[in-house]
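Before you plan anything around this model, please go through the points below with the structure open beside you. They move from the overall fold to single residues.

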Amino acid sequence: PVLDTEDAWMSVEGPVSIVELALEQKHIHYPLVEHQFVLCTILYAIMRFSLKSVKPLSLFDSEGKNAFFKDLTSIQLLPSGDMDPTVLSIRQQFLVKVVNAAVQTLYSSQKDKEVAEEELFRFEKGKNWPTLAVDLARYLQISEDVVRRHYVYELYSYGMDHLGEE
């Protein structure tokens, strides 16, 4: 981009402007940032629900693990569409655990106090964990329908039939 500046600003001395610094930065490789975001979301879910025996790096193949330690501006090869079935199975088990924990949290919060219907889906401000699990399924190459079906199954098993029907 072309930055037009007035003549009066040309003679000003001092540190470089933030706009010029931003323009000098290398461009990031967005898929790599997205890959990091998936890891952060997984780690946050593990922490939020105190999930035991989940090894976050086991959810990624060797290419995916190597990508975490690369500079965000580098063009890094990310995992291709062909995944090891055992990794896919571990990923699916993880997403099922997240949905189980989210529904259990919803049930306990609903049981402890009466909550407005709009508040039922929000376990904390701005976080709808079942929807987030479905979004993660897309990134982790798991069928979204499997996660949705399990969510509905869990809602019915906890006696929240009106939510399961929705």
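1. A residue is called buried when its relative accessible area is under 20%, exposed when it is over 50%, and partly exposed in between. Asparagine 66, with a relative accessible area of 46%, is therefore partly exposed. This residue sits in helix α4, which covers residues 62-67, and its C-alpha atom is separated by 9.3 Å from that of leucine 77, eleven residues away along the chain. Please keep in mind throughout that this is a predicted model.

2. On the overall fold, the protein chain contains eight helices and zero strands, so that reading along the sequence gives the pattern α-α-α-α-α-α-α-α. Of its 166 residues, 30% count as buried, while the area that the chain exposes comes to about 11,200 Å², with carbon and sulfur atoms supplying 55% of it. Among the contacts between residues at least 6 apart in sequence, 70% join residues that are at least 24 apart.

3. Helix α3 deserves a check of its geometry. Its 20 residues, 30-49, should span 28 Å at 1.5 Å a residue, because the expected span is 1.5 Å times one less than the number of residues; the C-alpha atoms at its two ends are 29 Å apart, which agrees. The buried residues of α3 are Leu32, His35, Val38, Leu39, Thr41, Ile42, Ala45, Ile46 and Phe49.

4. Which residues does threonine 41 contact, once its neighbours within four places in sequence are left aside? The partners are Leu132 and Leu136. Threonine 41 belongs to helix α3, and its relative accessible area is 7%, which means that it counts as buried.

5. The largest nonpolar core has 32 residues, and those with the most contacts inside it are Ile42, Leu51, Phe60, Phe94, Leu95 and Val98. Helices α3, α5 (85-112), α6 (129-139) and α7 each supply at least two residues of this core, and α5 gives the most, with eight residues. In soluble globular proteins, nonpolar side chains tend to be buried together. For one of the core residues, leucine 95, the contacts beyond its neighbours within four places in sequence are with Ala133, Leu136, Ala137, Leu140, Ile142 and Val147. Leu136 thus appears as a contact of leucine 95 and also as a contact of threonine 41.

6. A search of the whole structure finds four salt bridges. In one of them, the side chains of arginine 138 and glutamate 144 meet at 3.0 Å, N to O; arginine 138 is partly exposed because its relative accessibility is 46%, and glutamate 144 is likewise partly exposed, at 21%.

7. Glutamate 144 also meets arginine 148 in a salt bridge, at 3.6 Å from N to O. Because these two residues are four apart in helix α7 (residues 144-157), about one helical turn separates them. Arginine 148 has a relative accessibility of 41%, so it counts as partly exposed.

8. Aspartate 145 forms a salt bridge with arginine 148 as well, the closest N and O atoms being 3.6 Å apart. Here the residues are three apart in helix α7, and they too are separated by about one helical turn. Aspartate 145, at 44% relative accessibility, counts as partly exposed. Through shared partners, salt bridges join Asp135, Arg138, Glu144, Asp145 and Arg148 into one network.

9. Where does serine 50 lie? It is found in the loop between α3 and α4, just after α3. Its backbone should be inspected, since most residues other than glycine have a negative phi. Serine 50 has a positive phi of about 50° although it is not a glycine. With a relative accessible area of 48%, serine 50 is partly exposed.

10. Serine 53 raises a related point. It is placed in the loop between α3 and α4 and has a positive phi of about 55°, although it is not a glycine. Is serine 53 buried or exposed? At 68% relative accessibility it counts as exposed, because the cut-off for that class is over 50%.

Methods. Residues numbered from 1 in each chain as written. Predicted model: local features only at pLDDT ≥ 70, side-chain atom pairs only at ≥ 80, totals over all residues. Heavy atoms only, no water. Buried < 20%, exposed > 50% of the residue type's maximum accessible area, 1.4 Å probe, protein only. Contact = heavy atoms within 4.5 Å. Core = buried A, V, L, I, M, F, W, Y, C linked by side-chain atoms within 4.5 Å. Areas by Shrake-Rupley, 256 points an atom, 1.4 Å probe, with all protein chains shown as cover.
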